[in-house]
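Trainee: Could we go through some salt bridges together? I'd like to see how the labels are earned.

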Amino acid sequence: GCRNNCGLMRQAASSGLELAEDSSGDRRDNAVYAELNVPIVKTLDMNLALRYDDYSDFGSTWNPKIALRWQPTQQVLVRGSYNTGFRAPTLYDVYAPNSITFTGNPYDDPLLCPGGVVNVGAGGIESRDCGQQFQQQQGGNLDLDPEESKAWTIGILFQPNQQWTLGVDYWDYKVESSVSVIGESVIFGDPTKYAANFVRCGMLSPEERAKLAATCTATASPNTLAYIVNTTTNLGDYKTSGLDLQAAWQSPVGDWGQFSVNYRGTYVLTYEYQLEKNGPYFDNLGEYFNGNPVARYRQMLSFGWQKAAWSSVLINRYTSSYKDQNETGDPQFDNNVVAGNNVWDLSVTWAGVKGLAITGGITNLFDRDPPFSNQGD
């Protein structure tokens, strides 16, 4: 925060703090956690856990977990779990001062320039109301509810010998009352549904209009759009599932040292979420929507080597492609697919003195540019 100059900062045009008010908050959280391991039979273990939280501002909650671990042979391990969860909104989610900033993309005012055609009768001006980056209000929300979740997993780990380990885990999560923002593209995309999120100059007091002189000028009509409200809020639920993949290989120690390969990957099977409680589900898996593209596949692959005091690791980080935002209005760009991002890193370490290790490395070894995207957020 600021100390002596907050008032001056708020008076500065386009500071974003013209309508901000002092905000502060505190929280007390007391928690108790208990865990119990139960051997059912020689090859089957059960783990039980329970956590109790008491928040001074969001009440109390009990969240259990049960996990099973079955190892029928020395080479095979089967595991699974189920648990509930609870997340109180952060202090920033609740108390962050509301600030004004521009939207990332240009839009048409749905009242003064519907469909890109200026509405002169309502006071519309093409250069002000059509194809513009409007103001939006962002920040905290005192009326937020906590998130609650349910999750379960099941997987298998296979180790045929000392050199190899292979594994796959399925996971399934559901989060209720997720804390986020509606999103500027959604608000402008359905102005009837989100009519309450459009604040026009005629709805403001003379003092508020004076603070927003950049948009609510002396000649602005009452219908001129002052800003949209895009503060933190509770959306609906989101559901996601996928596979975590792993593989590892390690060579015996030889004259050339020891070599290793480690692989971790995640393949997302589903990702759906609501923008409001009991609303329709949106799916942006492999597709840009509302500022949140979800890549279907990610991986980290590393090749390691170690001999005496020297070691080195070559790492590959890969994220799969996705369909771009494609809302520019230009056919040249509106069929864009954001290419997969494939980056290699290299590091070398020397640990020839006890208690000392020196590492040098290169991130993005081949100086690869990020893939092109036409989104403006």
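Mentor: Let's take a few charged pairs and check each label against its definition. This is a predicted model, where local features need pLDDT of at least 70, side-chain atom pairs count only at pLDDT 80 or more, and totals for chains, interfaces and linings use all residues. Residues are numbered from 1 along each chain as its sequence is written, and side-chain values use heavy atoms, with hydrogens and water left out.

Trainee: Why is the contact of Asp57 with Arg27 called a salt bridge?

Mentor: A salt bridge is a side-chain nitrogen of Lys or Arg within 4 Å of a carboxyl oxygen of Asp or Glu. For Asp57 and Arg27 the closest N and O atoms are 3.0 Å apart, so the pair fits.

Trainee: What makes Arg317 and Asp345 a salt bridge?

Mentor: Their closest N and O atoms are 2.8 Å apart, so that pair fits too. Arg317 sits in strand β17 (residues 310–319) and Asp345 in strand β20 (residues 341–353), 28 residues apart. Strands here are DSSP runs (E, at least two residues), numbered from the N terminus.

Trainee: Why is Asp345 called buried?

Mentor: Buried means under 20% relative accessible area, exposed over 50%, and partly exposed in between (1.4 Å probe, protein chains only). Asp345 has 14% relative accessibility, so it counts as buried.

Trainee: And what makes Arg317 buried or exposed, or something in between?

Mentor: Arg317 has a relative accessible area of 32%, so it is partly exposed.

Trainee: How many salt bridges does the structure hold?

Mentor: It holds twelve.

How values were computed:
Helix = DSSP H or I, 4+ residues; strand = E, 2+ residues; numbered from the N terminus.
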